[in-house]
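Hello,

Here is the structure I promised to pass on to you. Have a look at it first, and then read my notes underneath.

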Amino acid sequence: MNVGVLGAGTMGHGIAQVAAMAGHSVTLRDVDEQIVAEGLASIRENLAGGVERGKVTESERDATLDRLAGTTDLDAAVGDADLVIEAVPEDTALKQDVLCEAEALAPEDAVLATNTSSLSVTEIASALDRPERFVGLHFFNPVHIMALVEVVVAEQTDTDTEQFAESFVAGIDKTAVTVTDAPGFATSRLGVAVGVEAVRMVQEGVASPSDIDAAMELGYNHPMGPLELGDVVGLDVRLDILEHLRAELGERFRPPQLLRRKVRAGKLGKKTGEGFYVWEDGDIVGVSGEFDE
């Protein structure tokens, strides 16, 4: 299968990697050559790490890289694609613009998908000429490690497209959960609900970030606490999702002021070096100064 991935950032290059590892020919496209290069470099780094840990053989690494190409040319990415997956920033209008351009260049029977984590797949689909061939494929970060993909069925998605999406997910060795398009789907809605309550608890002085995270990791067997996860995802991303869910579902998703202050200060988590924790080289080295224990 030929797969075009639009957007070479964290999610886009991760999706490209797992698709290529599963045997698909993948073209990773972004509007900036530097971002494309960085995306491909991240894939090479991930694969090298897999080889070092014994999770990936050298031949698997080489075959995966042989199936990958990068480009800034949209036609080159989607012109012969069986599946196009959009992974651009979380903005409905931007996603619609990118997908409409891709639809005009892709084969008529190609399936188009969005990796949105919370936006309405039905609304995005409304801009397309063939919305029945459109579906949500919500991957999780880091894509090459996380086993889940949410298949989000829009109002317009037909049965063949839904089944195609589920088959694709199974073919890349992930597990699909299929949900009807609704604000926050299943995962973002539940995950953000836990995350926002954790931020409120810090704001109210109930416990420190590390103690709250330890409670969820040790008491509920979560692999990562909600505040650390927020730092990894990006506190700005968390805030955007909360604002969207508040507009759709009501005041229970109102963002705490502490989260707003963090974002306004540019303390967005792992990607900026500080959020609720202090990060160096991808690892936690301490708790943010205001929460020193």
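Below is what I found, starting with the sheet and moving on to the cores and the annotated domain. Please keep in mind that this is a predicted model.

The sheet is a good place to begin. It is open and has eight strands in the order 3-2-1-4-5-6-7-8, with mixed pairing. Strand 3 (68-71) and strand 8 (175-180) sit at the edges, each pairing on one side only. On average, neighbouring strands are turned by 25 degrees against each other, direction ignored. Strand 2 (residues 25-29) runs parallel to strand 3, and four bridges join the two. Within this pair, leucine 28 stands opposite glycine 70 of strand 3.

Helix 7 (residues 159-171) packs on the sheet, where the strands it touches include strand 1 (2-6), strand 4 (83-86) and strand 6 (134-139). The direction of helix 7 makes about 25 degrees with that of strand 6.

Next, the nonpolar cores. The largest one has 31 residues, and Val26, Ile85, Leu137, Phe139 and Phe168 have the most contacts inside it. Helix 1 (residues 10-21) gives the largest share of this core, six residues. Isoleucine 85 is worth clicking on: among the residues it touches are Val3, Val5, Ile15, Leu137, Phe139 and Phe168. A second, separate core has 23 residues, including Leu99, Ala102, Ala106 and Leu128.

Finally, an unreviewed UniProt entry lists residues 184-279 as "domain: 3-hydroxyacyl-CoA dehydrogenase C-terminal". In the model, this span is 61% helix and 3% strand, and its end C-alpha atoms lie 28 Å apart.

Enjoy exploring!

Best wishes

Note on methods:
Residues numbered from 1 in each chain as written. Predicted model: local features only at pLDDT ≥ 70, side-chain atom pairs only at ≥ 80, totals over all residues. Heavy atoms only, no water. Pairing = 2+ DSSP bridges. Axes fitted to C-alpha atoms, helices over the stretch in contact; angles between N-to-C directions. Contact = heavy atoms within 4.5 Å. UniProt positions renumbered as here; feature names shortened; annotations may be inferred. Core = buried A, V, L, I, M, F, W, Y, C linked by side-chain atoms within 4.5 Å. Buried < 20%, exposed > 50% of the residue type's maximum accessible area, 1.4 Å probe, protein only. Lists of a residue's contacts leave out its neighbours within four places in sequence.
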